[in-house]
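Student: I've just opened this one and don't know my way around yet. Can we walk through it together?

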Amino acid sequence: MTDTKTVPGRRKIKKTAADQIFDIILYAIAAIITVIVLYPMYFIVIASFSDPALVSNGEIILLPRGVNFKAYAQLAGYAKLWVGYKNTIFYVIVGTIVTLIVNIPAAYSLSRKDLYGKKPLTIFYLIPMFFTGGLIPTYLLVTSLNLDDTFRVMVIPFSVVTYYIIVARTFFSNSIPEDLWEAAQMDGCGYLGFFFRMVLPVSKAIIAVIALWAAVGQWNSYFNALIYLRSPELQPLQIILRNILISNQTISAMTTGAAAVEAKQMADLIKYAVIVVSSAPIMCMYPFVQKYFNQGVMLGSLKG
């Protein structure tokens with residue numbers, strides 16, 4: 001049994017029975033991996049609005065049962081939840097902009113062959129990727145700069161990311177030819193003009209990739225807020241959701257009898273709803289930048 005496929009500019013290539021069996025096995029493996037990856041997300045979504053008793057008994061597998069939105073209603077009743085959403089959106093927008101402003105020019109500079117001191121600067125950027133000062137020295141530095149318990153601590157001190165610089169530098173090295181710079185010089189374009197007028201417009205893919213990574217990192221950031229923020233009005237969404245989970249677990253632990261079982265089931269239901277609430281915005285944003293994400297990662301990984 002054979003099949004054929006056409007390659008542009010070439011003759012038809014016959015697919016043997018072994019090739020077809022290999023394709024079937026490959027597709028089967030891909031389908032299994034897809035199910036393994038997607039099912040936990042699907043289960044969390046359907047469990048968040050199913051009957052908590054059925055979820056606890058393991059009776060929810062493929063379809064939701066006993067549909068109710070008690071967990072979401074309880075979450076919506078927390079006034080601090082909306083404060084956390086507002087703060088997180090602000091941190092994501094400002095933090096992503098700051099990250100791009102800091103890392104993209106640094107990556108482009110390191111990609112230039114004529115950069116003076118390129119090798120020492122590269123080493124300077126690489127060292128913090130493997131060795132950090134530690135939590136206590138970092139905390140002392142942040143407090144000495146009067147950044148603790150301010151919105152600035154969420155967007156400025158940790159905006160330089162060596163990995164982003166390396167990926168973007170590789171992209172610039174592979175995608176911006178020297179001939180383009182020489183042509184720009186002949187037209188009287190300087191370094192800044194070349195960067196803003198020529199480099200940035202053709203670098204939308206890598207900018208979108210870095211922006212997506214930075215936005216996801218800011219959205220999920222909780223440790224820095226836990227260490228450096230004390231004011232409730234500055235807390236991001238992840239800290240608010242963490243406090244909600246701890247509060248519900250404490251309540252379920254303090255009750256006894258049938259009330260304890262019901263409280264435990266409700267705490268589990270809220271846990272699923274919290275995961276959905278914290279993940280949904282990023283998951284909704286991803287499809288709009290997916291093409292840039294794939295393109296930028298492939299272009300930035302050709303060679304180091």
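Here is a short chat about empty spaces, cores and one arginine.

Tutor: Before we start, this is a predicted model, where local features need pLDDT of at least 70, side-chain atom pairs count only at pLDDT 80 or more, and totals for chains, interfaces and linings use all residues. Residues are numbered from 1 along each chain as its sequence is written, and side-chain values use heavy atoms, with hydrogens and water left out.

Student: Which helix gives the most to the lining of the largest cavity?

Tutor: A cavity is a set of points, on a 1 Å grid over the protein atoms alone, where a 1.4 Å probe fits but cannot get out, and lining residues have an atom within 4 Å of a point. The largest one holds about 50 Å³ of space, and its lining includes Leu110, Thr162 and Arg169. Helices here are DSSP runs (H or I, at least four residues), numbered from the N terminus, and two or more lining residues come from helix H5 (118-130) and from helix H7 (162-175). With four residues, the one that gives the most is H7.

Student: How many charged residues are in the lining of the largest pocket?

Tutor: A pocket is an open set of points with protein on both sides within 12 Å along at least five of seven lines. About 570 Å³ of space lies in the largest pocket, and Pro128, Thr132, Pro157, Phe158 and Val160 are the lining residues nearest its centre. Asp, Glu, Lys and Arg count as charged, Ala, Val, Leu, Ile, Met, Phe, Trp, Tyr, Cys and Pro as nonpolar, and the others, Gly among them, as polar. The lining has 15 nonpolar residues, six polar ones and, for charged, no residues.

Student: Is arginine 65 buried, exposed or partly exposed?

Tutor: Look for arginine 65 in the loop between helix H2 (52-56) and helix H3 (70-76). Buried means under 20% relative accessible area and exposed over 50%, with partly exposed in between (1.4 Å probe, protein chains only). Because its relative accessibility is 40%, arginine 65 counts as partly exposed.

Student: Which residues does valine 199 contact, leaving aside neighbours within four places in sequence?

Tutor: Valine 199 is one of the residues that touch the most other members of the largest nonpolar core, which has 24 residues. Such a core is a set of buried Ala, Val, Leu, Ile, Met, Phe, Trp, Tyr and Cys residues joined through side-chain atoms within 4.5 Å. Contact means heavy atoms within 4.5 Å, and for valine 199 that gives Tyr108, Phe172, Ile176 and Phe194.

Terms used:
Points joined across faces, edges and corners; volume = space filled by probe spheres on them.
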